Amino acid sequence: MSLYPRLDDLLELRHQAHTLGVSSHHLVNSTFAGLYASVFRGAGVNFEEVREYREGDDIRYMDWKVTARINEPHLKVFREERERSVVLCVDRGPHMAFGTRGTFKGVQAARAAALIGWAASRLQDRVGGMAFGDPQQGLHHFRPARGRRALWQLLRTLTLPGSTASASIDCLAGALKRASRGLPTGSLIFVIADLNREARNLESVLGNLRQRSSVVLIPVDDPADQEIPAMGKVSFRGTDGRLIEIDTDDHQARAAYREAWQRRRRTLSALANRLNIILMPIHTEQDIHTSLISSLEQRARSRAV
């Protein structure tokens, strides 16, 4: 299990579809990119006109003010924004060098960024990104641009060896503020990170982002985040660098550990619902195609209800 992703693997994600049992061409061009388009392309739109309602129109776009004024149903019409700016914000903190099954969080985050980036690029979106969280390398910012250069630079950065520092730095809020600078209204921002944390501290910065952009939170989860196995006394290193010894055979301690994770995830979900942010968890033990497609299909179904 490699600690860092390989650039060749990230570049090949636009073609490979081994676990889905379909040809390489169909994964990104049909299966994943099609779901990506159905979920996200409707969000970046510009208002164009108001016209009379026609049978079969989506009533979510009714213009109730015009309807009430002239006593006839009217609908708002939007034109889909072309060359939308897409920003992939990827966590590279030391805590991403963690994984108990499948792969490490940092590797899965890079794979998710690659797959989403290739799908957005295929739709002619301007793709850029940001790698943040490494205490030594600092923040790498690649502004959205036509073509694939910025995406390639981001993916290459994600393959570089990370800091060996044991303590993490909490720079997510600052990274998101930086990512939003100069972005046009209607941009799409993906946050791919370890979000096993108190989410209330992010409400202000996420609320500001939502005023002008669509936001997608992609927590990178590992089974041990929510359920620690019974292994006796084990030493763990906290985000501050200190070693902590935990008796994993203690049933009460394991139950408290599980409830703490569930509480944090409920808080994050409530925050996302409140701000109209999409929440799409991915898992280290799952194939990245399967994990992302499952989340996209669930989101597509919820929009259809």
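Where is the place of N71? In this predicted model, N71 is placed in the loop that runs between α3 (64–70) and β2 (74–80). Although N71 is not a glycine, its phi is positive, at about 60°, and the residue counts as exposed, with a relative accessible area of 68%. A positive phi of about 60° is also found at N276, which is likewise not a glycine. N276 belongs to the loop between α9 and β10 (278–279), and with a relative accessibility of 53% this asparagine is classed as exposed.

The interior of the model was examined through its nonpolar cores. The largest nonpolar core has 41 residues, of which Y36, F40, L88 and F190 touch the most other members. Helix α4 (residues 105–122) contributes the largest share of this core, namely ten residues. Another core, of 25 residues, lies apart from it and includes V87, A179, L202 and V205. In soluble globular proteins, nonpolar side chains tend to be buried together.

Charged side chains were considered next. A search of the whole structure yields nine salt bridges, among them those formed by R6 with D8 and with D9. In the pair of D8 and R6, the distance from N to O is 3.7 Å, whereas in the pair of D9 and R6 the corresponding N to O distance is 3.0 Å. R6, D8 and D9 are thereby linked in a network of salt bridges. Each member of this network retains some accessibility: R6 is partly exposed, at 47% relative accessibility, D8 is partly exposed, also at 47%, and D9 is partly exposed, with a relative accessible area of 35%. Because the range between 20% and 50% relative accessible area defines the partly exposed class, D9 falls within that class at 35%.

D9 itself is located in helix α1 (residues 7–12). Along the chain, D9 and A114 are 105 residues apart, and their C-alpha atoms are separated by 9.4 Å. Elsewhere, the side chains of R200 and E198 meet in a salt bridge with an N to O distance of 3.5 Å. The two partners of this bridge are assigned to separate accessibility classes, since R200 is exposed, with a relative accessible area of 57%, while E198 is partly exposed, at 36% relative accessibility.

A negative surface patch was also identified, and its members are E245, D247, D249 and D250. Within this patch, D250 occupies the loop between β9 (243–247) and α9 (251–275). The relative accessible area of D250 is 32%, and this residue is therefore partly exposed; its value satisfies the requirement that residues of a patch have over 30% relative accessible area.

Helix α9, which follows that loop, contains A253. A253 is partly exposed, with a relative accessible area of 34%. In sequence, A253 and I228 are 25 residues apart, and in space the separation of the two residues is 9.7 Å from C-alpha to C-alpha. The loop that holds N276 lies between this helix, α9, and β10 (278–279).

How values were computed:
Residues are numbered from 1 along each chain as its sequence is written. This is a predicted model: local features need pLDDT of at least 70, side-chain atom pairs count only at pLDDT 80 or more; totals for chains, interfaces and linings use all residues. Side-chain values use heavy atoms; hydrogens and water are left out. Patches are made of residues with over 30% relative accessible area and no salt bridge: like charges are joined within 9 Å, nonpolar side chains (Val, Leu, Ile, Met, Phe, Trp, Tyr) within 5 Å. Accessible areas come from the Shrake-Rupley method with a 1.4 Å probe; for residues, only the protein chains shown count as cover. A salt bridge is a side-chain nitrogen of Lys or Arg within 4 Å of a carboxyl oxygen of Asp or Glu. Lys and Arg count as positive and Asp and Glu as negative; His and the chain ends are not counted. The place of a charge is taken as NZ of Lys, CZ of Arg, CG of Asp or CD of Glu. Helices (H or I, at least four residues) and strands (E, at least two) are DSSP runs, numbered from the N terminus. Buried means under 20% relative accessible area, exposed over 50%, partly exposed in between (1.4 Å probe, protein chains only). A nonpolar core is a set of buried Ala, Val, Leu, Ile, Met, Phe, Trp, Tyr and Cys residues joined through side-chain atoms within 4.5 Å.
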